[in-house]
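Work through two short exercises on a protein surface. Try each task before you read its solution.

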Amino acid sequence: MDNGVRDAFALLQAGCADALDRAAAADAVKAWADAQQLHALQTLAQEQPAFLDDTGRLIDPATAEAAVALTWSTGSARERMDLASTLAEGLPEVLAALESGHIDLGKAREISLGTCELEPPVRTLLAPQAIGYARGHTRGQLRAWLARRVARIDPEAANRRHRRQAKKRCVRLLPESDGMATISAYLTAEEAQAVWASLRAAAATTEGSLNAVNADTFVGLLTGTRVGTPVSVTVLLTGTGDEIAGYGPISSGHAAKLCAGQPVVRLTAPKPSVGYRPAPALARWVRSQHRRCRFPGCRRPATQCDLDHVIPWPTGATHAGNLAPLCRYHHRLKTHGDWRVLPLPDGHLQWTSPRGRRYTTHLDDP
């Protein structure tokens, strides 16, 4: 442990009276702890390396193991595992600076991302300068400083980074509280500007506040409905609470409003299917009961998941009690990795990881 971090530990244990000194000491200790976690994650990746399944697809067991044990999402775990690998293998001086408390995890991530397009020797030369700059500046300043330096060192780096980022274009739905949600789109600058211009042009003749008009127009353009017309959704009325399929829990009042005047379809458990693939009625029933991927911590809506035989077919039959939704990543992990699952009463599933740790997912998990 670095002397500075050791002093920070001592200061916190002694209960230093100065609040700013305590805050700075806590930051140094936190940075040291983050570095220990990255070391541990890198070791985990080496102990459980990625492999190709029998279809030629890459399976990454370490990410799932970390996500479940640390109660992270798969995306968060993958991002942290990638950072651990990058710093340990390509930027050890940045990892050392984090471990000594000279920079925090956010700044270490900025240096990793900001220099990723440089050749390894050049990246290694720039890293100590970036660490020195980071110690006296904010993350935003560090990001801008890195962009200028990289552009000066390698003018084509910005173009390569843009091409790489353009491959990550996506649209995401993020459930929020109070029956609300955020839809975000990650686009190229020109695409985003064109979409925004089209939205504003369509909203130009509508009266009301700017934000509300934009929202109404956005919904209308994508759903083909007029402003004020109710949109069509599937509401699940369950014994553990009401929810919108694919979104999650909503209040009973919100559910009643959505269901007012709408036909209610009451699903009943259908008969087992013959063969491997469940019949449409059975698939609909299973997805309505489970609602999300049944791997620990995963919240991918069941409508976006495969239906997995908990006890593999043909030993396990194709019926409601032996089917559960799994997103494609976790389905492949169960099929080709060393994860094991045991069905329990009331629809619960007990998972055992390759390291022998057990986790239980419940039918009513939100």
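The exercises below deal with a surface patch and a pocket.

This is a predicted model, where local features need pLDDT of at least 70, side-chain atom pairs count only at pLDDT 80 or more, and totals for chains, interfaces and linings use all residues. Residues are numbered from 1 along each chain as its sequence is written, and side-chain values use heavy atoms, with hydrogens and water left out.

**Exercise 1.** Find which elements give two or more residues to the nonpolar patch.

Step 1. List the residues. Val171, Leu173, Ile183, Phe218, Val219, Leu221, Leu222, Val231 and Val233 make a nonpolar surface patch of about 820 Å².

Step 2. Assign elements, which are DSSP runs numbered from the N terminus (helices: H or I, at least four residues; strands: E, at least two). Strand 3 (170-175) and helix 11 (210-223) each give two or more residues. Helix 11 gives the most, with 4 residues.

Step 3. Check one residue. Leu222 is found in helix 11. Its relative accessible area is 64%, so Leu222 counts as exposed (over 50%, with a 1.4 Å probe and protein chains only).

**Exercise 2.** Describe the lining of the second largest pocket.

Step 1. Start with size. The volume is about 490 Å³.

Step 2. Look at the lining. It has 13 residues, and Glu79, Asp82, Leu113, Arg164 and Lys168 lie nearest the pocket centre.

Step 3. Sort the lining residues by type. There are 4 nonpolar, 3 polar and 6 charged.

Step 4. Find the elements. Helix 4 (74-90), helix 6 (105-114) and helix 9 (157-166) each supply at least two lining residues. Helix 4 gives the most, with 4 residues.

Note on methods
Patches are made of residues with over 30% relative accessible area and no salt bridge: like charges are joined within 9 Å, nonpolar side chains (Val, Leu, Ile, Met, Phe, Trp, Tyr) within 5 Å. Accessible areas come from the Shrake-Rupley method with a 1.4 Å probe; for residues, only the protein chains shown count as cover. A salt bridge is a side-chain nitrogen of Lys or Arg within 4 Å of a carboxyl oxygen of Asp or Glu. Buried means under 20% relative accessible area, exposed over 50%, partly exposed in between (1.4 Å probe, protein chains only). On a 1 Å grid over the protein atoms alone, a cavity is a set of points where a 1.4 Å probe fits but cannot get out, and a pocket is an open set with protein on both sides within 12 Å along at least five of seven lines; lining residues have an atom within 4 Å of a point. Grid points are joined across faces, edges and corners, and a volume is the space filled by probe spheres set on the points. Ala, Val, Leu, Ile, Met, Phe, Trp, Tyr, Cys and Pro count as nonpolar, Asp, Glu, Lys and Arg as charged, and the others, Gly among them, as polar.
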